Amino acid sequence: MAAAESIALQGRLDALVGEWQGETRTWFRPGEPVREAPVTGRMRKVADGTGVLHEYQSSLDGEPFTGVVLYAVDVAKERVTAAWVDGFHMSTAMMVSEGPLRPDVVMDVLGHWEAGGETWGWRTVVRQVSPDHLEQVAFLITPSGEEHRATETHYHRRV
């Protein structure tokens, strides 16, 4: 891989860097009422610019929670990786997700966890709608393979 191409791959996360605020919508099951809450986030470069750390705060049903995600691009494998912990979704575990680089999104990563002896999936897609608008949509994947929208966050850059 050429040096310029390598730099471009690492730079794809640059659009995430900044202070963000917005709204998160959460669904536990298809057809259930949506839960809405404000969300704030800060994304900054870490590890000499090789990764982006996303720290965020929100709430669910009035109960606040915080979380952290570390994003990185594996240039050699042309893949995006995310390591995620938060006070709501992951309990005390960390979920690592990864996916191939795609030209149409910032990232589309998939992670798995075990619950009740079954393997569940969580797919997160981040799109840059405009320079100051990010959309993050997460899909829950049941052990039988059904996928449904679980969360949708619209972030707007704070000025």
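# Reading the terms in a barrel model

User: Why is V85 called partly exposed?
Analyst: V85 has a relative accessible area of 32%. The label is buried under 20%, exposed over 50% and partly exposed in between (1.4 Å probe, protein chains only), so V85 counts as partly exposed. V85 belongs to strand 5, residues 79-86.

User: How should the residue numbers and values be read?
Analyst: This is a predicted model, in which local features need pLDDT of at least 70 and side-chain atom pairs count only at pLDDT 80 or more, while totals for chains, interfaces and linings use all residues. Residues are numbered from 1 along each chain as its sequence is written, and side-chain values use heavy atoms, with hydrogens and water left out.

User: Which residues form a nonpolar patch on the surface with V85?
Analyst: V68, M94 and V96 join V85 in that patch, and together the four have about 320 Å² of accessible area. A patch takes residues with over 30% relative accessible area and no salt bridge, joining nonpolar side chains (Val, Leu, Ile, Met, Phe, Trp, Tyr) within 5 Å and like charges within 9 Å. V85, at 32%, is therefore over the area cut-off.

User: What makes the strands a barrel?
Analyst: The 10 strands run 1-2-3-4-5-6-7-8-9-10 in a closed barrel with antiparallel pairing. From one strand to the next, the twist averages 25°.

User: How do you know that strand 1 and strand 2 pair?
Analyst: Pairing needs at least two DSSP bridges between the strands. Nine bridges join strand 1 to strand 2 (residues 35-46), so the two strands pair. One bridge partner in strand 2 is P38, which faces E23.

User: Why is the aromatic pair of W20 and Y155 called tilted?
Analyst: The structure holds five aromatic pairs. In the pair of W20 and Y155, the centres are 6.1 Å apart and the planes meet at 45°. Rings of Phe, Tyr and Trp (its six-membered ring) pair if their centres lie within 6.5 Å; planes under 30 degrees apart are stacked, over 60 edge-to-face and the rest tilted. The values therefore give a tilted pair. W20 lies in strand 1 (residues 18-26) and Y155 in strand 10 (residues 147-157), 135 residues apart.

User: Are W20 and Y155 buried or exposed?
Analyst: W20 is at 0% relative accessibility and Y155 at 3%, so W20 and Y155 both count as buried.

User: What makes R158 and E19 a salt bridge?
Analyst: Their side chains come to 3.7 Å, N to O. A salt bridge is a side-chain nitrogen of Lys or Arg within 4 Å of a carboxyl oxygen of Asp or Glu, so the pair qualifies. R158 follows strand 10 and E19 sits in strand 1, so the contact ties together parts 139 residues apart in sequence. R158 is partly exposed at 36%, and E19 is partly exposed at 33%.

User: How exposed are the partners in the salt bridge of D61 and R35?
Analyst: D61 has a relative accessible area of 56%, so it is exposed, whereas R35, at 26%, is partly exposed. Their closest N and O atoms are 3.1 Å apart.

User: Why is D108 called buried?
Analyst: D108 has a relative accessible area of 12%, so it is buried. D108 forms a salt bridge with R102 (2.4 Å, N to O), and R102 is partly exposed at 25%.

Definitions and conventions:
Areas by Shrake-Rupley, 256 points an atom, 1.4 Å probe, with all protein chains shown as cover. Helix = DSSP H or I, 4+ residues; strand = E, 2+ residues; numbered from the N terminus. Axes fitted to C-alpha atoms, helices over the stretch in contact; angles between N-to-C directions.
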